[in-house]
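Here is a short briefing on aromatic contacts and nonpolar packing. Please look over the structure first.

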Amino acid sequence: MLRLSITTAAALVLAAPAFAAEFKWAETTDPQTMDPHAVNSAAVLGFLNNVYEGLVRRNKDMVIEPALATSWEPIGDGEGWRFTLRQGVTFHDGAEFNADDVIFSYERASSEQADTSSWFAPVSGVNKVDDYTVDIMTIAPNPIFPDSIANWMMMDSGWAEANSATRPDKDQGNYATINTNGTGAFKVTAREPGLRTVLEPHSGWWGEVEHNLTRAELTPIQNPATAVAALLSGDVDFINPVPIQDAARLASSSDVKVIQGIEARVIMLGFPHQAETLKYGADEGKPNPFLDVRVREAVAKAINVPAILQTIMRGNAEEASQLVSPAMRGYSEANAARPAFDVEGAKALLADAGYADGFSFGLKCPNDRYLNDEAVCQAVVGMLAQIGVNAELDAMPVRNYWPELREDNFDMYLLGWSPGTFDAEHPIRFLATTPNAEKKLGSWNFGDYSNARIDEMLPAIQSELDDAKRQAMLDEAAKILQDEHAYVPLYVQPLVWGAKANVELTQRPDNFFILRWVTVN
């Protein structure tokens with residue numbers, strides 16, 4: 001009898017629908033904008049993946065799958081790609097999605113006002129075949145193109161026109177900066193920048209609902225200790241990130257759990273490759289020493305990356321030798337070694353370059369963008385001091401940080417890069433190619449690094465169908481960037497999330513938090 005009762009109870013539990021739940025979470029960075037084309041950053045795109053959708057998307061294993069397009073196929077001998085659109089899709093305001101919205105979203109996202117324009121450098125045009133078919137034409141065969149547009153989000157042309165938001169405005173903002181109208185599983189119902197953003201399920205969403213959320217609220221909490229306290233007290237259900245130093249303590253609690261992984265993001269130092277003079281520190285106005293490759297190599301040798309990983313990252317990160325991690329397609333095994341920590345070697349390089357007595361400069365760093373970013377920069381300052389180079393650290397919120405970098409207000413800066421395509425071509429296009437607004441290239445190459453061979457190889461890398469030939473070009477590019485110390489790659493950032501024990505979720509290596517995979521038990 002007891003056995004029957006237990007069996008019956010178990011069956012009832014399994015048969016019962018998951019109860020509806022409200023969900024609150026906290027992140028250190030508030031999305032800078034609600035406009036999916038205004039800022040090409042993980043904080044913005046990760047959040048907006050809950051609200052807007054693209055033709056394709058990445059699943060839980062980072063594999064491309066259909067979204068607003070149900071299928072795609074190459075055109076002819078590689079002239080482009082034909083996408084068949086999903087029918088019956090509506091935006092949050094009820095407007096129907098069709099090919100006109102794809103054309104509009106291409107023109108908007110590739111415009112000079114958009115921060116996403118580099119995504120469309122290989123595109124020569126987008127043509128409407130019918131209401132549910134579009135041809136995206138490419139300058140050359142581009143086998144990885146569908147992978148490259150997973151974060152290209154569709155906007156409603158009529159909504160944008162009615163609200164004077166036909167182009168993004170990342171500086172002054174417009175209606176789309178704080179309002180949304182996507183096709184995604186969630187719609188934004190309240191937006192107070194810096195304070196809270198509220199989302200509710202889109203009742204007309206076309207997909208299969210996996211979550212059980214009725215409402216979700218994001219609160220930015222910059223202080224890591226405050227975020228941990230909020231999780232432990234039950235004020236929030238999830239935090240990202242968990243401070244490395246608190247991970248073990250949280251993991252020992254039965255009320256919460258820590259979810260750890262390795263992100264696709266490489267943290268690196270960047271230099272001003274074209275600036276004639278220094279802009280900060282005691283040597284402001286003097287010739288820019290970072291123009292000399294020996295000085296850049298000295299910086300690479302002076303940074304004790306293993307010590308940073310052991311002390312600041314508590315052993316939760318991996319050293320990086322290039323602009324992508326070993327998990328990315330096109331990673332160069334031939335260039336897997338990074339410069340060894342060598343203080344005396346760094347001093348010798350400085351002496352050869354004419355800086356035996358060192359110099360002073362300004363280091364820009366965010367303090368709420370990457371895991372322990374300011375602490376890492378403080379460590380860099382101390383390590384460079386050992387070779388007589390004095391860095392004046394200026395750490396600031398990421399909201400202020402990107403404008404400073406875009407105005408070239410730095411002598412050296414910290415940057416993290418996660419390739420949206422999970423391919424080594426991505427950072428070459430954005431970080432290493434000579435900036436060219438007309439060709440939509442090098443849009444995040446703040447230091448204006450330039451190498452003619454890199455520029456020459458990029459279109460060939462994008463169009464090469466033979467994997468061996470393509471990898472040979474990626475190996476050559478990685479070696480050039482290493483030999484010239486265009487950047488100093490430091491480490492691959494760890495992922496450390498914290499959640500209440502009753503929350504089920506999916507952690508992807510792009511650090512995107514996807515609400516439609518969240519269940520509160």
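The points below cover ring pairs, charges over rings and the nonpolar core.

This is a predicted model: local features need pLDDT of at least 70, side-chain atom pairs count only at pLDDT 80 or more, and totals for chains, interfaces and linings use all residues. Residues are numbered from 1 along each chain as its sequence is written, and side-chain values use heavy atoms, without hydrogens and water.

**Aromatic rings**
- The whole structure holds 27 aromatic pairs (Phe, Tyr or Trp six-membered ring centres within 6.5 Å; planes under 30 degrees apart are stacked, over 60 edge-to-face, the rest tilted).
- Phe 410 and Tyr 413 are edge-to-face, because their ring centres lie 4.7 Å apart with planes at 70°.
- Phe 410 is buried at 3% relative accessible area (buried is under 20%, exposed over 50%, partly exposed in between; 1.4 Å probe, protein chains only).
- Tyr 413 is buried too, at 0%.
- One aromatic cluster includes Phe 410, Tyr 413, Trp 417 and Trp 444.

**Charges over rings**
- Arg 86 lies over the face of Trp 206, 3.9 Å from the ring centre (the cut-offs are Lys NZ or Arg CZ within 6 Å of the centre and within 35 degrees of the ring normal).
- Arg 406 lies over the face of Trp 444, at 4.9 Å from the ring centre.

**Nonpolar core**
- The largest nonpolar core has 167 residues (buried Ala, Val, Leu, Ile, Met, Phe, Trp, Tyr and Cys joined through side-chain atoms within 4.5 Å).
- Phe 23, Leu 55 and Trp 152 touch the most other members of this core.
- Leu 55 has contacts (heavy atoms within 4.5 Å) that include Phe 83, Ile 136 and Trp 152.

Definitions and conventions:
Lists of a residue's contacts leave out its neighbours within four places in sequence.
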